[in-house]
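Me: Please take a close look at a single position in this model and at the elements around it. I should like one connected account.

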Amino acid sequence: MDIERARREEMRWLILQALYAAQPVGTSELIIKNAIEQVILDATMLEVRRELDYLEERGLVSVTNRNTTTWFAKLNNHGVDIVEYTIDCLPGIARPKKYW
């Protein structure tokens, strides 16, 4: 398995979970990074931004304040559905299989 790809996909899932916990307001990229570092110790802000871009292009999150030093992200309805396992998850996100 490609380790870098697995890292990116895991980071995307962790971002979705962090934003799910931050509902309904959303949160800053720094808070997201701090949450991810509990699993991926060497996560960088650049990686967080890159994966937020990816998730936004997939229609799962909304990113604001791009013109400032700190981005702000919020989960949208499709992102909530992915985290709550109410819809299928397309490849690119390391969502664990539902076991319940």
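Reply: Ser62 has its place in strand β2; helices (H or I, at least four residues) and strands (E, at least two) are DSSP runs numbered from the N terminus. This is a predicted model, in which local features need pLDDT of at least 70 and side-chain atom pairs count only at pLDDT 80 or more, while totals for chains, interfaces and linings use all residues. Residues are numbered from 1 along each chain as its sequence is written, and side-chain values use heavy atoms, with hydrogens and water left out.

With a relative accessible area of 35%, Ser62 is partly exposed (buried is under 20%, exposed over 50%, partly exposed in between, with a 1.4 Å probe and protein chains only). Not counting residues up to four places away in sequence, Ser62 touches Glu56, Phe72, Ala73 and Lys74, where contact means heavy atoms within 4.5 Å. Its C-alpha atom is 16 Å from that of Leu14, which lies 48 residues away along the chain.

The strand belongs to an open sheet of 3 strands, ordered β1-β3-β2, with antiparallel pairing. β1 (27-28) and β2 (61-64) are the edge strands, each pairing on one side only. β2 pairs in the antiparallel sense with β3 (residues 72-75) over 4 bridges; two strands pair if DSSP finds at least two bridges between them. Within this pairing, Val61 stands opposite Leu75.

Helix α3 (residues 45-57) lies across β2 and β3 and runs at about 125° to β2; axes are lines fitted to C-alpha atoms, for helices over the stretch in contact, and angles run from 0 to 180 degrees between N-to-C directions. Leu52 has contacts, beyond its neighbours within four places in sequence, with Ile15, Leu19, Glu29, Ile32, Val61, Val63, Trp71 and Ala73.

Leu52 and Val61 also appear in the largest nonpolar core: of its 24 residues, Ile15, Leu16, Leu19, Ile32, Ile36, Leu52 and Val61 touch the most other members. Such a core is a set of buried Ala, Val, Leu, Ile, Met, Phe, Trp, Tyr and Cys residues joined through side-chain atoms within 4.5 Å. At least two residues of this core come from each of α1, α2 (29-36), α3, β2, β3 and α4 (77-83), and α1 gives the largest share, 6 residues.

Two helices pack against α3. Helix α1 (residues 3-21) does so at an angle of about 75°, with the axes 10 Å apart. That makes α1 roughly perpendicular to α3 (under 35 degrees is roughly parallel, over 145 roughly antiparallel, 65 to 115 roughly perpendicular, the rest oblique). The residues of this contact divide into 8 nonpolar, no polar and 6 charged; Ala, Val, Leu, Ile, Met, Phe, Trp, Tyr, Cys and Pro count as nonpolar, Asp, Glu, Lys and Arg as charged, and the others, Gly among them, as polar. Among them, Arg7, Ile15 and Leu19 are on the α1 side, and Glu47, Leu52 and Tyr54 on the α3 side.

α2 packs on α3 at about 105°, again with axes 10 Å apart, and the two are therefore roughly perpendicular to each other. Glu29, Leu30, Ile32, Lys33 and Ile36 in α2 meet Met45, Val48, Arg49 and Leu52 in α3; these residues divide into 6 nonpolar, no polar and 3 charged. Lys33 of α2 is buried, with a relative accessible area of 15%. Beyond its neighbours within four places in sequence, Lys33 is in contact with Ala43, Thr44, Met45 and Val48.
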